[in-house]
Structures are given as C-alpha cells and as structure tokens.
Amino acid sequence: MMLPLARCALNHLKIQSIPKVVGRQKHSKPSSNFHDTYGNMMLCSGAAFCLGAYIIFMTQMGVEWNLSPVGRVTPKEWNE
C-alpha cells in the first residue's frame, strides 16, 4: 500500500507506461543509425589503417625474420 502523498506525486509526474511508449515507437518509421549507415566502411577503413601502420612499423623497425632454423640448430652428442 502506497502512501497517499507518494501516490499523488507519482500521478503528477508525466511518466508514461512502458507499453504505451513501446507501442508509439512501433508506429514510427525505423531510421537507420550510424552503424547501419557507416558500419562496414568504418570497419574496412580501420582495418586498412591498422594493417598499414603495422606494415610501416615493421619495415621501419628493421626486423630480421629468421624463420628457417637451418644453420642455427646443431645436433648434440649422444650420451649413452
């Protein structure tokens, strides 16, 4: 049971019930948001920027890619 003062205060606030708001939003035309409009373009441009920055960073750093172990790995003597 609500206090009469609290009930009166809540009634005077212009709060609409959730079903009324949802019903009103259903009838409005759905507008495209930022992600619908620019989502794929932003994703591709961000990926291209990161890839370009990675490539520039790696080429400027002078990393030597010693991927092959040939010449670096020597066999050890077998101990019996």
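This section describes the secondary structure, solvent exposure and cysteine state of a predicted protein model.

The protein chain contains three helices and zero strands. Along the sequence, these elements are arranged in the pattern α-α-α. Of the 80 residues in the chain, buried residues account for 0%. The accessible surface amounts to about 8500 Å², and carbon and sulfur atoms contribute 65% of that area.

Helix α3 spans residues 34-61. With 28 residues, α3 extends 37 Å between its first and last C-alpha, a value close to the 40 Å expected at 1.5 Å a residue. The axis of α3 is not straight throughout, as a bend of about 35 degrees occurs at N40. After α3 comes G62, for which phi is positive, near 75 degrees.

A nonpolar patch of about 430 Å² is present on the surface, formed by F34, Y38, M41 and M42. One of these residues, M41, is located in helix α3. The relative accessible area of M41 is 51%, and M41 is therefore classed as exposed, the cut-off for this class being over 50%. In general, an α-helix has 3.6 residues a turn, so residues three or four places apart point the same way.

The cysteines C44 and C50 were examined with respect to exposure and to disulfide formation. C44 has a relative accessibility of 53% and so counts as exposed. C50, at 52% relative accessibility, likewise counts as exposed because its value is over the cut-off. A disulfide is a covalent bond between the sulfur atoms of two cysteines. A search covering the whole structure returned zero disulfides, where the criterion for such a pair is a separation of the cysteine sulfur atoms within 2.5 Å.

Taken together, the predicted model consists of a chain with three helices and zero strands, in which buried residues make up 0% of the total. Within this chain, α3 bends at N40, and M41 of α3 takes part in the nonpolar surface patch.

Key: Residues are numbered from 1 along each chain as its sequence is written. This is a predicted model: local features need pLDDT of at least 70, side-chain atom pairs count only at pLDDT 80 or more; totals for chains, interfaces and linings use all residues. Side-chain values use heavy atoms; hydrogens and water are left out. Helices (H or I, at least four residues) and strands (E, at least two) are DSSP runs, numbered from the N terminus. Buried means under 20% relative accessible area, exposed over 50%, partly exposed in between (1.4 Å probe, protein chains only). Accessible areas come from the Shrake-Rupley method with a 1.4 Å probe; for residues, only the protein chains shown count as cover. Patches are made of residues with over 30% relative accessible area and no salt bridge: like charges are joined within 9 Å, nonpolar side chains (Val, Leu, Ile, Met, Phe, Trp, Tyr) within 5 Å. A salt bridge is a side-chain nitrogen of Lys or Arg within 4 Å of a carboxyl oxygen of Asp or Glu. The expected span of a helix is 1.5 Å times one less than its number of residues. The bend at a residue is the angle between axes fitted to the seven residues ending there and the seven starting there.
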